[in-house]
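I opened the notebook with a plain aim. I wanted to look up how this chain is put together and where a few of its residues sit.

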Amino acid sequence: VLALCSIGESTKQVSDPRSIGNKGIGWKSVFKVSPTPELHSRCFHLRFQASAELGYLVPSPTSPPEGWDPDTGCTRLILPVVA
């Protein structure tokens with residue numbers, strides 16, 4: 001969660017060919033699509049609110065999506081869009 005809320009705090013290794021991104025900038029780009037993205041992974045259910053301060057994010061707990069099964073090991077990203 002710390003890595004998602006900051007820039008440059010990723011636990012990913014630049015040398016790992018199995019992963020992309022390691023600076024947190026890619027995740028921040030979801031705020032161009034949605035001001036309130038939600039991240040659901042196992043027992044973690046977080047909602048992020050875009051703030052006026054660049055790079056400063058504070059997640060808040062939210063309810064799991066309907067039909068959520070924490071035992072699947074999946075991660076779901078929900079991007080509510082504003083028309």
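**Entry 1: the cysteines**

I started with Cys74, which is partly exposed, because its relative accessible area is 42% and exposed means over 50%. This is a predicted model, so I treat every value as computed from it. Next I looked up Cys43. Cys43 counts as exposed, at 60% relative accessibility. Then I asked how many disulfides the structure holds. The count came back as zero.

**Entry 2: the overall plan**

I listed the elements. The protein has two helices and four strands. Along the sequence they follow the pattern α-α-β-β-β-β. I checked burial for the chain as a whole. The protein has 83 residues, and 23% of them count as buried. I noted the surface as well. About 6,100 Å² is exposed, and carbon and sulfur atoms supply 58% of that area. I also looked at contacts between residues at least 6 apart in sequence. Of these, 45% join residues at least 24 apart.

**Entry 3: the sheet**

In what order do the four strands of the open sheet lie? I read it as E3-E2-E1-E4, with antiparallel pairing. The edge strands are E3 (60-61) and E4 (75-78), and each of them pairs on one side only. I then went through the pairings of E1. E1 and E2 run antiparallel and are joined by four bridges. E1 and E4 also run antiparallel, again with four bridges.

I picked out single positions next. Ser41 stands opposite Thr75 in E4. His40 has Arg76 as its bridge partner in E4. On the E2 side, His40 stands opposite His45.

**Entry 4: the histidine pair**

I stayed with His45. His45 sits in strand E2, residues 44-47. Is His45 buried or exposed? His45 is buried, because its relative accessible area is 14% and the cut-off for buried is under 20%. I looked for a polar partner. The side chain of His45 makes a polar contact with the side chain of His40, at 2.9 Å. I then listed what else touches His45, setting aside residues up to four places away in sequence. The list includes Leu39, Ser60, Pro61, Thr62 and Trp68. Ser63, Pro64 and Pro65 are also among the residues touched by His45.

**Entry 5: the turn between E1 and E2**

I followed the chain out of E1. Arg42 lies in the loop between E1 and E2. The hairpin of these strands has two residues between them, and Arg42 takes a positive phi near 50 degrees there. I marked this down since Arg42 is not a glycine. I checked its cover too. Arg42 counts as exposed, because its relative accessible area is 51% and the cut-off for exposed is over 50%.

**Entry 6: the nonpolar core**

Which residues make up the largest nonpolar core? I found seven: Trp27, Val30, Phe31, Leu39, Leu46, Phe48 and Leu57. I traced the surroundings of Trp27. Beyond residues up to four places away in sequence, Trp27 touches Leu4, Pro37, Phe48, Leu57 and Leu77.

Leu4 took me to helix H1, residues 2-5. I asked how covered Leu4 is. At 23% relative accessibility, Leu4 counts as partly exposed, because buried means under 20%. Leaving aside neighbours within four places in sequence, Leu4 is in contact with Trp27, Lys28, Leu39, Phe48 and Leu57. I took the spacing of one of these pairs. Leu4 and Phe48 are 44 residues apart in sequence, and their C-alpha atoms are 9.7 Å apart in space.

**Entry 7: a loop residue**

My last stop was Thr36. Thr36 lies in the loop between helix H2 (25-28) and strand E1 (38-41). I wanted to know how covered Thr36 is. Thr36 counts as buried, at 10% relative accessibility. I then looked up its contacts, again without residues up to four places away in sequence. Thr36 touches Arg47, Phe48, Gln49, Ile78 and Pro80.

Notes
Residues numbered from 1 in each chain as written. Predicted model: local features only at pLDDT ≥ 70, side-chain atom pairs only at ≥ 80, totals over all residues. Heavy atoms only, no water. Buried < 20%, exposed > 50% of the residue type's maximum accessible area, 1.4 Å probe, protein only. Polar contact = N/O pair within 3.5 Å; in protein donor to acceptor, adjacent residues only side chain to side chain. Contact = heavy atoms within 4.5 Å. Disulfide = S-S within 2.5 Å. Pairing = 2+ DSSP bridges. Areas by Shrake-Rupley, 256 points an atom, 1.4 Å probe, with all protein chains shown as cover. Core = buried A, V, L, I, M, F, W, Y, C linked by side-chain atoms within 4.5 Å.
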